[in-house]
Amino acid sequence: MFKKILIANRGEIACRVIHACKELGIETVAVHSETDKDCLHVKLADQSVCIGPGPAVESYLNIPSIISAAEISGADAIHPGYGFLAENTYFADVCDSCGITFIGPSKESIEKMGDKITARRIMQKADVPVIPGSDGPVSLDDPKLFKAARKIGYPLMVKASAGGGGKGMRIVASEDALKNAIAMAQSEAKSAFDNESIYFEKYIEEPRHIEFQIMGDKRGKVVYLPERDCSIQRRHQKLVEESPSPFIGPSLRKKMGRAARHAAEAVKYYTVGTVEFLVDKRGNFYFMEMNTRIQVEHPVTEMITGIDLVKEQIKLAAGDRLNYDSDDIKINGHAIECRINAEDPDKDFIPCPGKVNQFIAPGGPGVRVETHLYSGYTIPSFYDSLIAKVITGGCNRKEAISRMNRALDQVVIEGIKTTVSLHKKIVKNEQFQKGNACTDFLSKHLFGASK
Ligand code: MV4
């Protein structure tokens with residue numbers, strides 16, 4: 001097992017990783033930007049190193065600085081959290097060359113799943129259903145372009161191969177909009193990812209976003225865990241996640257879980273990860289992408305399975321074997337997570353950094369809060385606006401919802417605007433309570449057509 005882990009991240013996830021390390025008896029090194037010297041993760045860690053100025057490119061994305069911090073502190077492994085360097089193949093490679101264990105997948109796994117065209121090809125070979133679409137990249141000067149599009153049918157989606165999470169994506173309603181959509185997606189992808197490779201997918205109407213947590217060990221064993229339903233999103237940012245999905249029964253769960261396991265096996269995946277699917281109204285499911293990291297919403301899975309995913313992740317990186325099967329993992333009740341952002345929902349969700357004069361977290365039965373907030377903390381403007389995750393669990397969905405209602409009413413965050421008010425509306429909404437919320441829920445039920 002590792003002696004000392006450096007956490008190459010900040011905020012709630014850095015705190016979460018430190019909790020796991022402490023429970024495993026592993027020493028912790030926090031890294032922080034100049035702006036973040038008073039952050040909770042710095043206070044919680046055994047040791048801390050300043051790695052540069054506020055802007056992430058100069059600190060949390062600064063690979064030489066982070067590697068130096070690991071070397072001077074004597075860390076034998078690095079946990080990247082999510083975001084920042086978590087899916088950076090170059091970083092995983094540099095860690096390896098320096099004899100530091102990267103707590104995550106191999107660079108080959110990251111690379112294969114990071115390129116969506118490659119991932120689709122590997123999934124097809126592994127008999128994992130993919131969304132009907134083009135076999136490879138499409139190009140504006142291909143004489144068979146319209147023919148290829150017609151074969152898939154309209155509406156279709158133009159997606160960036162290097163994209164994911166909705167970036168570089170366009171819906172195309174009909175042939176006359178095709179070329180323009182490709183050109184737009186291409187230039188967006190070129191500037192965002194320095195890769196203008198584009199492909200087609202059939203447009204799945206009113207889909208649900210269902211994802212499976214998986215875990216693999218270094219001997220090639222992979223297990224799947226129960227699904228999370230992340231259908232409530234805004235501009236491709238998840239707002240609410242729950243597990244199990246009100247939409248998925250035992251037989252579809254088993255079919256999708258096995259497909260998720262095959263997806264992970266196909267890229268020799270040996271850590272925690274998530275396979276995302278779109279599910280249509282009839283229950284057909286399609287591989288969408290794989291996230292090769294621990295995700296923001298992992299606690300809902302922990303709540304209903306009793307498995308500590310971050311501790312498992314660390315143990316798997318140290319070479320431990322998985323000594324249980326998917327069927328041994330039981331669903332215990334229901335869990336929901338609301339992501340609280342420092343944003344103003346009444347002003348188009350503009351970020352609201354600033355001083356938190358008072359913070360009181362809810363507690364009591366079935367409530368878990370993952371946060372780096374404390375009274376007097378100042379939220380900087382440089383980073384993501386996620387400030388807290390409220391997770392509630394109960395013996396069934398109804399109890400998890402009533403606990404979420406109660407917990408959200410008890411949150412006190414003074415000094416800044418947050419999305420707590422939006423979450424209260426979602427959780428009280430009749431369609432949500434019935435389990436009907438699909439991907440257009442927000443626009444349909446809470447905001448009007450434009451959003
Ligand atoms: C799609 C889709 C419909 N058809 N792909 C991809 C990234 C994710 N953030 C949104 N993505 C979608 N891809 C095809 N072929 C619809 C969406 C989508 C969506 C999916 C799940 C949950 C919420 C969504 C909101 C908008 C669009």
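The following questions and answers concern a predicted model.

User: Which helix gives the most residues to the largest nonpolar core?

Analyst: The largest nonpolar core has 35 residues, and Ile232, Ile340, Ile413, Ile426 and Phe432 touch the most other members. Elements that give two or more residues to this core include strand E14 (334-341), strand E21 (386-394), helix H12 (397-410) and helix H13 (420-428). The element that gives the most, with 5 residues, is H12.

User: Which residue of helix H13 (420-428) that begins with "His" is in contact with Ile340?

Analyst: Ile340 is one of the core residues that touch the most other members. Leaving aside neighbours within four places in sequence, Ile340 is in contact with residues including Leu386, Ala388, Val390, Leu408 and Ile413. That list of contacts also includes Val420 and ends on His423.

User: How many residues are in the second, separate core?

Analyst: Ile13, Ala20, Ala30 and Met215 are among the members of this second core. The core is separate, and its number of residues is 31.

User: Within what arc do the buried residues of helix H4 fall?

Analyst: In H4 (residues 89-97), the buried residues are Phe91, Ala92, Val94 and Cys95. Seen down the axis of H4, they line one face of the helix, because they fall within an arc of 165°.

User: Which exposed residues does the face of H4 turned away from its buried side carry?

Analyst: The buried residues of H4 are covered by elements that include helix H3 (63-73), strand E4 (77-79), strand E5 (101-102) and helix H5 (107-114). The face turned away from that buried side carries the exposed residues Tyr90, Asp96 and Ser97.

User: At the start of H4, which residue has a side-chain oxygen that reaches to the backbone nitrogen of Tyr90?

Analyst: The backbone nitrogen of Tyr90 is reached to within 3.0 Å by a side-chain oxygen. The residue that carries this oxygen is Asn88.

User: Which strands stand at the edges of the open sheet of 8 strands?

Analyst: The order of the sheet is E13-E12-E9-E10-E11-E14-E21-E19, and the pairing is antiparallel. The twist averages 25° from one strand to the next. Each edge strand has a single partner strand, so one side of each is left without a neighbour in the sheet; these strands are E13 (285-291) and E19.

User: How many bridges join E19 to E21?

Analyst: Thr371 stands opposite Ala388 in E21. E19 and E21 run antiparallel, and the number of bridges that join them is 5.

User: What is the length of the polar contact that joins the side chains of Arg368 and Glu302?

Analyst: Arg368 has its place in strand E19 (residues 367-371). Beyond four places in sequence, Arg368 touches residues including Arg16, His298, Glu302 and Lys389. The polar contact between the side chains of Arg368 and Glu302 is 2.8 Å.

Technical notes. Residues numbered from 1 in each chain as written. Predicted model: local features only at pLDDT ≥ 70, side-chain atom pairs only at ≥ 80, totals over all residues. Heavy atoms only, no water. Core = buried A, V, L, I, M, F, W, Y, C linked by side-chain atoms within 4.5 Å. Buried < 20%, exposed > 50% of the residue type's maximum accessible area, 1.4 Å probe, protein only. Helix = DSSP H or I, 4+ residues; strand = E, 2+ residues; numbered from the N terminus. Contact = heavy atoms within 4.5 Å. Arc of directions from axis to C-beta. Polar contact = N/O pair within 3.5 Å; in protein donor to acceptor, adjacent residues only side chain to side chain. Pairing = 2+ DSSP bridges. Axes fitted to C-alpha atoms, helices over the stretch in contact; angles between N-to-C directions.
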